[in-house]
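What follows is a guided reading of a predicted model, meant to be read with the sequence and the coordinates side by side. A request before starting: keep the aromatic side chains in view, for the reading begins with them.

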Amino acid sequence: MSFQVPGNMGITGCMLAFYKSPLAVTFWQVANQSFNALVNYSNRNTSTEVNETQLATAFAAATTSSVGVALLFNKIVQSS
């Protein structure tokens, strides 16, 4: 967990800097979710079993929703 904040600072900075194209927004949201998934996976409670299907479903749902929200808010802010 000691690398969570410094690691996410770079990604967050890139998300703030590269927001103009939908491809850049999508890339940085996927990078952010991948980093968060890696940190959360490495710090999980290993006494509770989690299979690959559950992990993939959670990752896909988190990534899809974060990309959707980021693109939607980007469109709303640009139109106002």
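Three aromatic pairs are present in the structure. In one of them, the ring centres of Phe 3 and Phe 35 lie 6.0 Å apart with their planes at 70 degrees, so this pair counts as edge-to-face. Because Phe 3 belongs to the segment before helix 1 (4-17) while Phe 35 sits in helix 2, the pair ties together parts that are 32 residues apart in sequence. The two partners are not equally covered: Phe 3 is exposed, at a relative accessible area of 52%, whereas Phe 35 is buried, at 14%.

Another pair is formed by Phe 18 and Trp 28, whose ring centres are 6.4 Å apart and whose planes meet at 15 degrees, so that this pair is stacked. It links distant parts of the chain, with Phe 18 in the loop between helix 1 and helix 2 and Trp 28 in helix 2, ten residues apart. Phe 18 is partly exposed, with a relative accessible area of 44%. Through ring pairs, Phe 18 and Trp 28 are joined with Phe 27 into a cluster. In general, the distance of the centres and the angle of the planes are what describe a pair of aromatic rings.

With these pairs in place, the overall layout can be considered. The protein chain contains three helices and zero strands, so that, by the DSSP runs that define the elements, its order from the N terminus on reads α-α-α. Its C-alpha trace spans about 50 × 25 × 15 Å along the principal axes, and of its 80 residues, 21% count as buried. Among the contacts in the chain with a separation of 6 or more, 69% are made by residues 24 or more positions apart.

The segment before helix 1, which holds Phe 3, also holds Ser 2. Ser 2 is exposed, with a relative accessible area of 71%, and its C-alpha atom lies 9.9 Å from that of Val 39, although the two residues are 37 residues apart in sequence. A contrast in space is offered by Leu 55 and Phe 27, which are 28 residues apart along the chain and have their C-alpha atoms separated by 20 Å.

Where is the empty space in such a model? Rolling a probe the size of a water molecule over the atoms shows where empty space is left. The largest pocket holds about 270 Å³ of space, and its lining is made up of 13 residues, among which Ala 37, Asn 40, Tyr 41, Leu 55 and Ala 58 lie nearest its centre. Helix 2 (22-42) and helix 3 (52-79) each contribute at least two residues to this lining, and helix 2 gives the most, with seven. By type, the lining residues comprise eight nonpolar, four polar and one charged.

Leu 55, one of the residues nearest the centre of the largest pocket, lies in helix 3. At 34% relative accessibility, Leu 55 counts as partly exposed. Leaving aside its neighbours within four places in sequence, Leu 55 is in contact with Tyr 41 and Val 50, and Tyr 41 is itself among the residues nearest the centre of that pocket.

The second largest pocket holds about 160 Å³ of space. Its lining includes Phe 18 and Trp 28, the two partners of the stacked pair, together with other residues, among them Met 15, Tyr 19, Gln 29, Phe 73 and Val 77. Helix 2 and helix 3 are the elements that give two or more residues to this lining, and the largest share, five residues, comes from helix 3. The lining divides into nine nonpolar and three polar residues, with no charged residue.

Gln 29, named in the lining of the second largest pocket, leads to a last site. Which residue does the side chain of Gln 29 meet in a polar contact? The partner is Ser 66, with the two side chains making this contact at 3.5 Å. Ser 66 has its place in helix 3 and is buried, because its relative accessible area of 13% falls under the 20% limit. Apart from its neighbours within four places in sequence, Ser 66 is in contact with Gln 29 and Gln 33.

Key. Residues are numbered from 1 along each chain as its sequence is written. Side-chain values use heavy atoms; hydrogens and water are left out. On a 1 Å grid over the protein atoms alone, a cavity is a set of points where a 1.4 Å probe fits but cannot get out, and a pocket is an open set with protein on both sides within 12 Å along at least five of seven lines; lining residues have an atom within 4 Å of a point. Grid points are joined across faces, edges and corners, and a volume is the space filled by probe spheres set on the points. Helices (H or I, at least four residues) and strands (E, at least two) are DSSP runs, numbered from the N terminus. Ala, Val, Leu, Ile, Met, Phe, Trp, Tyr, Cys and Pro count as nonpolar, Asp, Glu, Lys and Arg as charged, and the others, Gly among them, as polar. Buried means under 20% relative accessible area, exposed over 50%, partly exposed in between (1.4 Å probe, protein chains only). A polar contact is a pair of N or O atoms within 3.5 Å; within protein, one must be able to donate a hydrogen and the other to accept it, and residues adjacent in sequence count only if both atoms are side-chain atoms. Contact means heavy atoms within 4.5 Å. Rings of Phe, Tyr and Trp (its six-membered ring) pair if their centres lie within 6.5 Å; planes under 30 degrees apart count as stacked, over 60 as edge-to-face and the rest as tilted.
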